[in-house]
Amino acid sequence: MKTTTNSKAATLHDVARAAGVSLITASRALGNPALVTPKTIAKVQQAVEATGYLPNLLAGGLRSRRSMTVAALVPAISVQQFLPTVQALTETLHAAGYQVILGQSGYDHAREDALLSTMLGRQPDGIMVTGLIRSAKARQTLRRLGIPVVETWDLGEDPVDMQVGFSHREVGAAVAAYLRAKGWERVGIATGDDHRALVRSGAFVEAMGRAVPTATVPAPSSLALGRRAAAELLAQEPRLQAVFCSSDQLAQGVMVEAQSRGLRVPQDLAICGFGDADFAAHTLPSLTTVQIKGAEIGQRAAGLILQRCQGAEITEPVRDVGFSIVERQSTGGT
């Protein structure tokens, strides 16, 4: 394999010559690898490294009307529960030749609008959003553009395009039923102030049939905020028996605060989290939590975007992945 040594920027012709393939084969290996063999892809990639070729993605996008990118918006990259979704989305799209542009929208809808506008300026082939798009302007713009949009981690009555998620109201009601079945009536809520967490909390209170002690902290949640929430709840109700937390990070903080006060978990205070973070099974005691299939959400979202990009008809644009309560030691499980 020859190496380009002149001072000019390497071209796709240089790559094809170095790899010993035709220009169209080199183009397919870089832009649509599903059309060529793995052996050819390897040869072309070696030629790219040898020549120092940098593909002109903008020019290629103008010719094919594809940017080969997908924009993904998450509230905060520090929130562990969203990481499996982003990873699965990225891996699934990468296998099809697409790259993910990740944006952190925060929990401010105005900031989400601004980020969406910026992302759209880069002409992505699809968009995945964590949560539901609530801005009427953004919804109108996305529908007018007609690119694939997948709202995830929630379900709504009026999708912008497609949805992959679950019902937060059902989560709240299910946790309330679970704690009541355990015999606990003096229960409290430690919740972030983001929309989805508040929906879960509202459904929890509704299912309990009465007001319950509630500590609300700013999103995104953390262990420190969990300790603060626990202190507030115990000040409201010193005889508190159980706490439903809007995230595993908050639940971990509630657990630490309870233990610092000499309370036993779950004998004196039972705790349930949300998200089934990696650490949930390894806290002491291990944490009961609501498990969400985050990786499945990412895979399904990527699959829907790819199908739409290939011109396929979507027969099931709204997909409910459900949830489950994983019982561990923090509520008396084994």
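Here is a short chat about two serines and a cavity in a predicted model.

Colleague: Let's start with serine 67: is it buried or exposed?

Modeller: Serine 67 sits in the loop between α4 (57–64) and β1 (69–74). Its relative accessibility is 18%, and the cut-off for buried is under 20%. So serine 67 counts as buried.

Colleague: Which residue's backbone oxygen does the side chain of serine 67 reach?

Modeller: A polar contact needs a pair of N or O atoms within 3.5 Å. The side chain of serine 67 gets to a backbone oxygen at 2.8 Å, and that oxygen belongs to glutamine 123.

Colleague: And serine 105, buried or exposed?

Modeller: That one is in the loop between β2 (99–104) and α6 (109–121). Leaving out residues up to four places away in sequence, serine 105 touches Val74, Pro75, Arg111, Glu112 and Leu115. With a relative accessible area of 3%, against a cut-off of under 20%, serine 105 is therefore buried.

Colleague: How far apart in space are serine 105 and threonine 130?

Modeller: Along the sequence, serine 105 and threonine 130 are 25 residues apart. In space, going C-alpha to C-alpha, the separation is 9.2 Å.

Colleague: What about empty space: which helix gives the largest share of the lining of the largest cavity?

Modeller: The count comes to one cavity of 30 Å³ or more, and the largest cavity holds about 180 Å³. Its lining has 19 residues, with Gln81, Tyr107, Asp194, Arg200 and Ser246 nearest the centre. By class, that lining splits into ten nonpolar, six polar and three charged residues. The largest share, three residues, comes from helix α9 (residues 195–208).

Notes
Residues are numbered from 1 along each chain as its sequence is written. This is a predicted model: local features need pLDDT of at least 70, side-chain atom pairs count only at pLDDT 80 or more; totals for chains, interfaces and linings use all residues. Side-chain values use heavy atoms; hydrogens and water are left out. Helices (H or I, at least four residues) and strands (E, at least two) are DSSP runs, numbered from the N terminus. Buried means under 20% relative accessible area, exposed over 50%, partly exposed in between (1.4 Å probe, protein chains only). A polar contact is a pair of N or O atoms within 3.5 Å; within protein, one must be able to donate a hydrogen and the other to accept it, and residues adjacent in sequence count only if both atoms are side-chain atoms. Contact means heavy atoms within 4.5 Å. On a 1 Å grid over the protein atoms alone, a cavity is a set of points where a 1.4 Å probe fits but cannot get out, and a pocket is an open set with protein on both sides within 12 Å along at least five of seven lines; lining residues have an atom within 4 Å of a point. Grid points are joined across faces, edges and corners, and a volume is the space filled by probe spheres set on the points. Ala, Val, Leu, Ile, Met, Phe, Trp, Tyr, Cys and Pro count as nonpolar, Asp, Glu, Lys and Arg as charged, and the others, Gly among them, as polar.
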